[in-house]
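Let's work through a few exercises on a protein chain together. Keep the sequence and the 3D view open, and try each task before you read its solution.

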Amino acid sequence: MLLLLLGILFLHVAVLVLLFVSTIVSQWLTGNGHTTDLWQNCTMSFSGAVQHCYSSSASEWLQSVQATMVLSVIFSVLSLFLFFCQLFTLTKGGRFYITGFFQILAGLCVMSAAAIYTVRHSEWHANTEYSYGFAYILAWVAFPLALLSGIIYVILRKRE
């Protein structure tokens with residue numbers, strides 16, 4: 001049972017790290033010496049040093065992506081906190097429904113954010129020489145892992 005709990009905890013922390021990195025790092029779209037993320041657009045020199053950074057546009061779709069990514073981080077942190085609370089207060093045989101619900105909600109939020117960004121980024125950067133960066137890919141990787149850990153929490157029963 002201890003090994004199972006450690007595995008689930010490791011999966012949850014891995015999802016949380018993926019969500020933090022994909023929300024913070026400026027690599028959602030890269031190309032031509034520019035990197036963009038949810039918060040700013042940066043211009044890079046040939047040596048790789050950042051020259052200027054400008055705030056991202058204030059379009060509604062980008063704000064919805066920002067909000068859902070932040071919500072996914074908040075829901076995942078809340079889920080981890082609730083897991084520890086339920087681990088010590090839940091009766092024997094009880095299930096971690098609340099923890100699983102918030103983790104599944106975090107997965108759905110990150111999926112919504114990445115999907116909106118996929119559909120709408122061409123309005124923001126019409127240049128076809130851009131490619132998706134690693135933070136965007138990490139967001140898509142976090143989606144199935146968050147859903148998986150949420151489902152595991154719902155299935156999991158507390159034992160002594």
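**Exercise 1. Take stock of the fold**

Count the helices and strands of the protein chain, then write down their order.

*Solution.* Step 1: the protein chain has 4 helices and 5 strands. Here helices (H or I, at least four residues) and strands (E, at least two) are DSSP runs, numbered from the N terminus. Step 2: along the sequence, the pattern reads α-β-β-β-β-α-α-β-α. Step 3: keep in mind that this is a predicted model, where local features need pLDDT of at least 70 and side-chain atom pairs count only at pLDDT 80 or more, while totals for chains, interfaces and linings use all residues. Residues are numbered from 1 along each chain as its sequence is written, and side-chain values use heavy atoms, with hydrogens and water left out.

Step 4: of the 160 residues in the protein chain, 43% count as buried. Buried means under 20% relative accessible area, exposed over 50%, and partly exposed in between (1.4 Å probe, protein chains only). Step 5: among contacts with a separation of 6 or more, 71% come from residues 24 or more positions apart. A contact means heavy atoms within 4.5 Å.

**Exercise 2. Match a record to the model**

Find where UniProt places the feature "transmembrane region", and describe the chain there.

*Solution.* Step 1: the unreviewed UniProt entry places this feature at residues 65-84, 96-117 and 137-156. UniProt positions are given in the numbering used here, feature names are shortened, and annotations may be inferred rather than shown by experiment. Step 2: residues 96-117 are 95% helix and 0% strand, with end C-alpha atoms 32 Å apart. Step 3: residues 137-156 are 95% helix and 0% strand too, and here the end C-alpha atoms are 29 Å apart.

**Exercise 3. Pack helix 1 against helix 2**

At what angle do helix 1 and helix 2 pack?

*Solution.* Step 1: helix 1 (residues 2-24) and helix 2 (residues 60-89) pack at about 160°, and their axes are 9 Å apart. Axes are lines fitted to C-alpha atoms, for helices over the stretch in contact, and angles run from 0 to 180 degrees between N-to-C directions. Step 2: helix 1 and helix 2 are therefore roughly antiparallel to each other. The cut-offs are under 35 degrees for roughly parallel, over 145 for roughly antiparallel, 65 to 115 for roughly perpendicular, and oblique for the rest.

Step 3: the crossing of helix 1 past helix 2 is left-handed. A crossing is left-handed if the near helix is turned anticlockwise from the far one by less than a right angle, and right-handed if clockwise. Step 4: the contact includes Leu5, Leu9 and His12 of helix 1, and Met69, Ser72 and Val73 of helix 2. Step 5: sorted by class, the residues of this contact of helix 1 with helix 2 are 13 nonpolar, 6 polar and no charged. Ala, Val, Leu, Ile, Met, Phe, Trp, Tyr, Cys and Pro count as nonpolar, Asp, Glu, Lys and Arg as charged, and the others, Gly among them, as polar.

**Exercise 4. Pack helix 1 against helix 4**

Repeat the analysis for helix 1 and helix 4.

*Solution.* Step 1: the axes of helix 1 and helix 4 (residues 134-155) come within 8 Å and cross at roughly 150°. Step 2: that makes helix 1 roughly antiparallel to helix 4. Step 3: helix 1 passes helix 4 in a left-handed crossing. Step 4: among the residues making the contact are Ile8 and Leu11 of helix 1, and Phe134 and Ala135 of helix 4. Step 5: the contact of helix 1 with helix 4 has 17 nonpolar, 3 polar and no charged residues.

**Exercise 5. Zoom in on single residues**

Is Thr23 buried or exposed? Then look at Cys109 and Tyr132 in the same way.

*Solution.* Step 1: Thr23 sits in helix 1 and is buried, because its relative accessible area is 7%. Beyond its neighbours within four places in sequence, Thr23 is in contact with Leu38, Trp39, Met69 and Val73.

Step 2: Cys109 belongs to helix 3 (residues 97-124) and, at a relative accessible area of 12%, is buried. Leaving aside neighbours within four places in sequence, Cys109 is in contact with Thr68, Leu71, Ser72 and Phe75.

Step 3: Tyr132 lies in strand 5 (residues 131-132) and counts as partly exposed, at 32% relative accessibility. Tyr132 and Gln27 are 105 residues apart in sequence, but 7.7 Å apart in space, C-alpha to C-alpha.
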